[in-house]
Amino acid sequence: GLYAARSLRKNRKARLYADKMYRRKRRGRYYKDGVLGIAPQANGIVLEKIGVEAKQPNSAIRKAVRVQLIKKGKKITAFVPYDGSLNYIEPNDCVTIEGFGKKGRSKGDIPGIRFKVSKVCGVSLRAIQMGKKDKP
């Protein structure tokens with residue numbers, strides 16, 4: 001109605017601040033908070049192979065690796081996609097990590113894992129698993 005513009009604008013701003021990503025962007029902490037920082041990918045060294053139990057109602061052991069990032073030195077857990085591809089990853093291998101595609105949130109029934117392995121020793125994990133390339 002008449003004279004309602006100020007209150008409408010004020011309410012819209014209040015609702016925007018309820019969004020966590022919007023708050024981070026406005027305060028300049030959006031890129032600093034993530035483990036990867038501003039980068040889409042990061043290299044790391046494999047520390048160990050682990051199995052992570054899936055959340056209910058699923059019952060499975062999802063294969064993952066503990067990785068120490070080269071640039072920041074932080075230790076993270078990364079999911080290993082594709083069937084049987086954990087066999088191609090050894091401890092002390094250099095792997096490339098990328099996000100799971102949910103803006104820093106964990107995906108599906110895998111609790112607390114926000115990253116996946118995309119490359120091993122600079123070669124795509126998918127290409128190694130399909131037999132198109134060999135691991136150097």
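A residue is called buried when its relative accessible area is under 20%, exposed when over 50%, and partly exposed in between, using a 1.4 Å probe and protein chains only. The model is predicted: local features need pLDDT of at least 70, side-chain atom pairs count only at pLDDT 80 or more, and totals for chains, interfaces and linings use all residues. Residues are numbered from 1 along each chain as its sequence is written, and side-chain values use heavy atoms, with hydrogens and water left out.

**Exercise 1. Describe the overall form of the chain.**

Step 1. Begin with the secondary structure, where helices (H or I, at least four residues) and strands (E, at least two) are DSSP runs numbered from the N terminus. The chain contains 3 helices and 6 strands. Their order along the sequence is α-α-β-β-β-β-β-β-α. The chain is more spread out than a compact globule, because its radius of gyration is 20 Å, well over the 14 Å that the globule rule gives for 136 residues. That radius is taken over C-alpha atoms, and the rule is 2.2 Å times the number of residues to the power 0.38.

Step 2. Turn to the extent of the chain. Along the principal axes, the C-alpha atoms fill a box of roughly 70 × 35 × 25 Å.

Step 3. Consider burial and surface. Of the 136 residues in the chain, 28% are buried. The accessible surface, computed by the Shrake-Rupley method with a 1.4 Å probe (for residues, only the protein chains shown count as cover), comes to about 9,600 Å², and 48% of it belongs to carbon and sulfur atoms.

Step 4. Examine the contacts, a contact being heavy atoms within 4.5 Å. Among contacts between residues at least 6 apart in sequence, 50% join residues at least 24 apart.

**Exercise 2. Establish how confident the prediction is, and where.**

Step 1. The relevant score is pLDDT, the predictor's confidence in each residue, from 0 to 100. The chain averages 92, and 99% of the residues score at least 70.

Step 2. Compare the elements. Confidence is lowest in helix α2 (residues 20-27), at a mean of 85, and highest in strand β1 (residues 41-53), at 97.

**Exercise 3. Determine whether D93 and N92 are buried or exposed.**

Step 1. Locate the residues. D93 lies in the loop between β3 (75-79) and β4, and N92 is found in the loop between β3 and β4.

Step 2. Apply the accessibility limits. D93 counts as buried because its relative accessibility is 11%. N92, at 65%, counts as exposed.

Step 3. Add the local details. N92 has a positive phi of about 75° although it is not a glycine. Apart from neighbours within four places in sequence, D93 is in contact with G44, I45, V46, Y88, V120, C121 and K135.

Step 4. Follow one of these partners, C121. C121 is placed in the loop between β5 and β6 (123-124). Its relative accessibility of 29% makes C121 partly exposed. C121 is not a glycine, yet it has a positive phi of about 55°.

**Exercise 4. Identify what surrounds L36 and S118.**

Step 1. L36 sits in the loop between α2 and β1, and it counts as buried at 16% relative accessibility. Not counting residues up to four places away in sequence, L36 touches Q41, A42, L69 and F115.

Step 2. Relate sequence to space. L36 and K71 are 35 residues apart along the chain, and their C-alpha atoms are separated by 9.0 Å.

Step 3. S118 belongs to strand β5 and is buried, with a relative accessible area of 16%. With residues up to four places away in sequence left out, S118 touches Q41, T96, E98, S124 and L125. Q41 therefore appears among the partners of L36 and also among those of S118.

**Exercise 5. Find where L8 and K103 lie, and the distance from each to a stated glycine.**

Step 1. L8 is in helix α1 (residues 5-16) and is exposed, with a relative accessible area of 52%. The C-alpha atoms of L8 and G28, 20 residues apart along the chain, are separated by 26 Å.

Step 2. K103 lies in the loop between β4 (94-99) and β5 (115-120), and at 67% relative accessibility it counts as exposed. K103 and G34 are 69 residues apart in sequence and 9.7 Å apart in space, C-alpha to C-alpha.
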